[in-house]
Amino acid sequence: MKKALVVGLLASSLAVLIGAAPVTAKVRIKLATILPENSPQFKLLEGLAEQWKQISGGEVDLVLYGGGVQGDESDVIRKMRIGQLQAGALSVNGLTDLVDEFSLFEIPLFFENWDEFNHVLADLTPTFQQKFDEAGYVWLTWGHVGWVHFFTTTEVERLDDLRKLKVFTWAGNEAMVQWWKANGFKPVALPYTDAVQGLKTGMIETMIAPPLIAAQMGFFEDAPYMIDVGLTPLIGAFLVQKRTWDKIDSAYRDRLLTSAQAVGKKLEGQTIFLEETSINVMKNNGLKVLAIRDSEHSKEWLDAALKFADQMRGGMVDAQIFDQAKRSRDAFRKANAE
C-alpha cells in the first residue's frame, strides 16, 4: 500500500497530455527501460512517442517497454545489438557498457551540486555524442533522475558501519565489484530488477539509488534509512541505433531530435521538485534520513570519496575524460566562487 501511494503521488505530479495520431508506421522503434511504467520519467517517454507520431505523420512508431520487462540493462543492450530492440532509455550502468568513459559519472562526490554537474555535462556532451556515434548509436537527450544515496536496512553512522553491510552493485560490472572489495566493502552483484527482492531476503542490506527511484520501486520499505550525502547525480540517456535512425525520412529527423531534447530539458527542470517530493513522501511513510553531512564523522566520508576518485582515475575511469571533466568543474567553481 505504501509503495502504491508513493507511486501514485509521484506520477500525478507530472502529466503529459498530447493527442494521438493514426499509426501507419514505416519505422518501428522498440525502446526498453527499467523505469517503472507509472513513473514520471516513463510518462514523459509516452508523451514523446505521441509527439513522434504527430511529427512524422504516423511514419515513426516508438513502442515502449518499461519496468524491466525486457530484462536488466545488460539484456537491453544485448537485444539492441542483435536488433530485437532499436532503442533504450539507459542509466549510467548501461551507458558504460557502450562507452567506457561514461564511468566518469560513477565517481562519488566528484560534483557538489546540480549547477556544476550540468555545466560539466554540457561541456562533455559533444565528446559523448561522438563516442556513442562510434558505438553505432544516435544520442537524442539526457535523462536526469536525481542524486544517488545509500539506503540501508539498519542505521549507520560511521563509514565502518556501512562496510559491515552487503552492498548492491550492478551485475556484469566486475570492475565495480572489485573496487568495492578493495576498499573493504561487501558488494553483492545483482540485476537492478532483482534489488527489491534482494532487500526483502537479506541478500543485500544496502541499496544505492536516487530517492525518486527508491520511492517508485519501494526500496525504502525494506531499507528505511537514507544517508543524506548525495554521492553523484544519476544520469541517463535516450539512444537509438544509428542504422534505425537512418531509416527515418531526413525531413523528420531534426524535429524528432528537437522534441526528444525538449523532453530531456523538461525532466531536468522537474528533477529537483520530484526528488524533494519523493523524500517527503517516503519520510511520511517511515523513512529516516541519517544526518551524516554535518556530523562529526563527515570528514571520513569525504576523505574516502576523494581516495576513491584518485583510485578510479586511469583505472575504472579514462584519465583523459577524468581530466577534461575536472578542468571544466574546477573552472566553473572558480568562476562562481564568492
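# Pockets, helices and loops

User: Working from this predicted model, how does Leu109 count, by its relative accessible area?

Analyst: Leu109 has a relative accessible area of 22%. Buried would need a value under 20%, and exposed one over 50%. With 22%, Leu109 falls in between, so it counts as partly exposed.

User: Okay, and which residue has a positive phi although it is not a glycine?

Analyst: Most residues other than glycine have a negative phi. The one to look at sits in the loop between α4 (92-98) and α5. Its phi is about 60°, and the residue is Leu109.

User: Which residues lie nearest the centre of the largest pocket?

Analyst: That pocket holds about 670 Å³ of space. Its lining comes to 29 residues. The ones nearest the centre are Leu109, Phe111, Glu112, Gly230 and Arg293.

User: Which element gives the most to that lining?

Analyst: Three elements give two or more residues to the lining of the largest pocket: α12 (250-284), α13 and α14. The top contributor puts in seven residues, and that's α13.

User: What's the chemical make-up of the lining of the largest pocket, by class?

Analyst: Remember that Gly is put with the polar class here. Sorted that way, the lining of the largest pocket has four polar, eight charged and 17 nonpolar residues.

User: Let's look at α13 itself. How far does it reach from its first C-alpha to its last?

Analyst: α13 takes in residues 298-312, which is 15 residues. At 1.5 Å a residue, the expected value is 21 Å. The helix comes out close to that, with a reach of 21 Å.

User: How wide is the arc that the buried residues of α13 cover around the axis?

Analyst: The buried residues are Trp301, Ala304, Ala305, Phe308, Ala309 and Met312. An α-helix has 3.6 residues a turn, so residues three or four places apart point the same way. That fits with the buried set being on the same side of α13, because they cover an arc of only 140°.

User: Which exposed residues sit on the face of α13 turned away from that side?

Analyst: The buried side is taken up with packing against β5 (149-152), α6 (159-163), α7 (174-182), β9 (225-227) and α14 (319-335). The face turned away from it carries the exposed residues Lys299 and Asp310.

User: α7 is on that packing list. What arc do its own buried residues fall within?

Analyst: In α7 the buried residues are Met176, Val177, Trp179 and Trp180. They pack against β5, β6 (166-170), β7 (186-190), β8 (206-209) and α13. Seen down the axis, they line one face of the helix, because they fall within an arc of 160°.

User: Which residue with a positive phi follows α7?

Analyst: α13 has a comparable case just after it, where Gly314 takes a positive phi of about 80°. After α7 the phi is near 85°, and the residue is Gly184.

User: How many of the residues of α2 are buried?

Analyst: α2 is mostly covered. Among its buried residues are Phe42, Leu45, Trp52 and Ile55, and also Gln41, Glu50 and Lys53. The count is 12 of 16.

User: And how far apart are the end C-alpha atoms of α2?

Analyst: With 16 residues at 1.5 Å each, α2 should span 22 Å. The model agrees with that, because the end C-alpha atoms are 23 Å apart.

User: What relative accessible area does Thr33 have?

Analyst: Thr33 is in the loop between β1 (27-32) and α2 (40-55). Leaving aside neighbours within four places in sequence, its contacts are Phe42, Leu45, Tyr65, Gly66, Gly67, Gly68 and Ala89. Thr33 is buried, because its relative accessible area is 3%.

User: Back to the pockets. What volume does the second largest have?

Analyst: The elements giving two or more residues to its lining are α5 (114-134), β4 (137-147) and α12. By class, the lining has six polar, four nonpolar and two charged residues. The volume is about 240 Å³.

User: Last one: what distance separates the C-alpha atoms of Asn113 and Pro233?

Analyst: Asn113 is in the loop between α4 and α5, and counts as partly exposed at 30% relative accessibility. Along the chain Asn113 and Pro233 are 120 residues apart, while their C-alpha atoms are separated by 8.6 Å.

Terms used. Residues are numbered from 1 along each chain as its sequence is written. This is a predicted model: local features need pLDDT of at least 70, side-chain atom pairs count only at pLDDT 80 or more; totals for chains, interfaces and linings use all residues. Side-chain values use heavy atoms; hydrogens and water are left out. Helices (H or I, at least four residues) and strands (E, at least two) are DSSP runs, numbered from the N terminus. The expected span of a helix is 1.5 Å times one less than its number of residues. Buried means under 20% relative accessible area, exposed over 50%, partly exposed in between (1.4 Å probe, protein chains only). The arc is that of the directions from the helix axis to the C-beta atoms. Contact means heavy atoms within 4.5 Å. On a 1 Å grid over the protein atoms alone, a cavity is a set of points where a 1.4 Å probe fits but cannot get out, and a pocket is an open set with protein on both sides within 12 Å along at least five of seven lines; lining residues have an atom within 4 Å of a point. Grid points are joined across faces, edges and corners, and a volume is the space filled by probe spheres set on the points.
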